[in-house]
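Thanks for coming. I have one structure to go through today, and I will keep to what can be computed from its atoms.

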Amino acid sequence: MAALAYLGDQETCKDGMTRVYKSLVTNICKEMSCYSDFPFREDYPNYMRQEKFWNYIQEFAEHFDLLKYIRFRTTVRSVTKRPDFSETGQWDVVTETEGKHETVIFDAVMVCTGHFSDSHLPLESFPGIHKFQGRILHSQEYRSPEGFEGKRVLVIGLGNSGGDIAVELARTTAQVFLSTRTDTQIVYRFSYGGYPVQMMSKRRYLHFTTQILPSCVQNWIENRRPNKIFSHENCGLSLTKRRKWKLIVNDELPTSILCGTVTVKTSVKEFTETSAVFDNGTVEENIDVVIFTTGYTTSFPFFEEPLKSLCTQKIFLYKFVFPSNLERATLAIIGHIFLTGSILTAAELQARWATRVFKGLCKIPPSQKLMAEFAKKEQLIKRGVMDSANKQKLDYIRYMDDLALPIGVKPNILLLFLKDPRLAWEVFFGPCTPYQYRLMGPGKWDGARNAILTQWDRTLKPFKTQCVPDSPKSASLSHYLKVWGVPVLLASLLLICKPSPFLKSVRGRISPYLISIW
């Protein structure tokens, strides 16, 4: 079977690569963002600069001898269905390499362009922007704070990039103004004890408890969590009493706000030649630079209509992978998702599932059924009953398990407790690392068990740069009580067999979920 690796839209930059600023640091820790059968080296930091992550990708490609299958510096000009597509599912793919065009027939196509190729610059939404005399750029053009020294900079949009750029510029500029129109919750890279936050929060037992807690309790917890360390409302990050927050990862933005080097502002109402007028009536004069951190748009210029438009609407992608209007499931859109965890690990699992669909080992519903279901959802979205799938951020564990189930690689927790209690404990109560999806089924990796049992060793290794005496036993006991107290309590409730009215009511609520995860 032929395969296609599409490496980006060359219209964006000269060499087809999406640019990032030099100071970029990953916001998902290494154990939660690695390929499921290739852990990061133990000496790699938990969060790393782009150079380190690039080294890891190269190491992965060399380890599995993948480079010989990849054609670099190649532009995909068009991907079109062949005349006999309804029978063969084949595609005509036109590529360009060093000015030479070539047409090749492929049995299947995987589009892996992601979200970050075409910058979204909504100038038409800002009256007066065209008469603004300062510099205007998108975050994709930003590289470093050089050239911004002593200037007054307005950053529009508070996502991960907006927060990073505002903090970095605040060290050298005269002042940074950060304009946002959404409620934002800032998440630190570290959690209690200094451990990576995803290692502490992305756990199956926590995911399990959210399924049995009443929605009112969940909302109460979610509303309290952002303000445990600092008040988001006082900092101008909480504008309304909404239940939904926009999450960003940033360790320094609260300090920059506290020190006054970053000033949070509301939405921009209009621009003049040298100033910005905000929705609350305030005006900031002598603005030198405006940086739009307003995200990206999705496009598939190599497709023909209606496929081109349909693929941009995630609601028409079955499990956010397969377009619903194709007679043959031989086209997969990989990584076209927003997730509460690592997109890389989800993209890998998407690819594992897609290749099995291509081979006929996994089945998806027929096109007619999918289109009918999605048409109903589209009407619900138009009426405001459902949120748009294009803006939906998927729950990491739920989506990964949803992909793993048809492949046959979803961990069987009950079976693991019977066969390997130590491993089962780590899988259920420990972080949901990608290795869990290599324990069983197609693509099983013999090193998965050891990778799970040693994941904390690789997490702590970068910290051990000098010898530190062992902590007192009392402190150690306190640490273990904090980390394992809740899991032990939950395990006890689940394993107690004595009948009681309380347990009967709990069993009645959790049994459907136990069936789904076991």
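**Overview**

The chain has 17 helices and 21 strands. Please keep in mind that this is a predicted model. The chain runs to 518 residues, and 45% of those count as buried. If you take the contacts with a sequence separation of 6 or more, 68% of them come from residues 24 or more positions apart. The exposed area is about 27300 Å², with carbon and sulfur atoms supplying 55% of that.

**Cores**

Next, the nonpolar cores. The largest has 40 residues, and the members that touch the most others are F322, A332, L349, W353 and Y399. Which helices each supply at least two residues of this core? They are helix 4, residues 197-201; helix 9, residues 343-358; helix 10, residues 367-382; and helix 11, residues 396-407.

Take F322 as an example. Leaving out residues up to four places away in sequence, F322 is in contact with F316, L317, A329, L331, A332, W353, A354, V357, F358 and I364. Two of these contacts, A332 and W353, are on the list I just gave for the core.

There is also a second core, separate from that one, with 26 residues; F208, L439, A448 and L453 are among them.

**Helix packing**

Now helix 5, with two packing partners to discuss. Helix 5 covers residues 204-212 and helix 13 covers residues 421-429; their axes are 5 Å apart and the packing angle is about 55°. That angle makes helix 5 oblique to helix 13. On the helix 5 side the contact involves R204, Y205 and F208, and on the helix 13 side V427, F428 and F429. Sorted by class, that contact has five nonpolar residues, one charged and no polar. F208, from this contact, is also a member of the second core.

The other partner is helix 11. Here the axes are 10 Å apart, and the angle is about 100°. Helix 5 and helix 11 are therefore roughly perpendicular. R204, H207 and Q211 in helix 5 meet I397, R398 and D401 in helix 11. By class, this contact has one nonpolar, two polar and three charged residues. R204 takes part in the contact with helix 13 and in the contact with helix 11.

**Three single residues**

I will finish with three residues. R135 is in strand 6, residues 135-138. Its relative accessible area is 45%, so R135 is partly exposed. R135 and V290 are 155 residues apart along the chain, yet their C-alpha atoms are separated by 6.2 Å. Apart from residues up to four places away in sequence, R135 touches F148, D288, V289 and V290.

H336 sits in the loop between strand 19, residues 331-333, and strand 20, residues 338-339. Is H336 buried or exposed? With a relative accessible area of 1%, H336 is buried. Beyond residues up to four places away in sequence, H336 touches G114, H115, T298, F300, C311, T312, K314 and L317. L317 is also among the contacts of F322.

The last residue is W456, in helix 15, residues 455-460. W456 has a relative accessible area of 22% and is partly exposed; the cut-off for buried is under 20%. W456 and E31 are 425 residues apart along the chain, with their C-alpha atoms separated by 8.7 Å. Not counting residues up to four places away in sequence, W456 touches Y195, M199, M200, R203 and P431.

Conventions
Residues are numbered from 1 along each chain as its sequence is written. This is a predicted model: local features need pLDDT of at least 70, side-chain atom pairs count only at pLDDT 80 or more; totals for chains, interfaces and linings use all residues. Side-chain values use heavy atoms; hydrogens and water are left out. A nonpolar core is a set of buried Ala, Val, Leu, Ile, Met, Phe, Trp, Tyr and Cys residues joined through side-chain atoms within 4.5 Å. Buried means under 20% relative accessible area, exposed over 50%, partly exposed in between (1.4 Å probe, protein chains only). Helices (H or I, at least four residues) and strands (E, at least two) are DSSP runs, numbered from the N terminus. Contact means heavy atoms within 4.5 Å. Accessible areas come from the Shrake-Rupley method with a 1.4 Å probe; for residues, only the protein chains shown count as cover. Axes are lines fitted to C-alpha atoms, for helices over the stretch in contact, and angles run from 0 to 180 degrees between N-to-C directions. Angles under 35 degrees count as roughly parallel, over 145 as roughly antiparallel, 65 to 115 as roughly perpendicular and the rest as oblique. Ala, Val, Leu, Ile, Met, Phe, Trp, Tyr, Cys and Pro count as nonpolar, Asp, Glu, Lys and Arg as charged, and the others, Gly among them, as polar.
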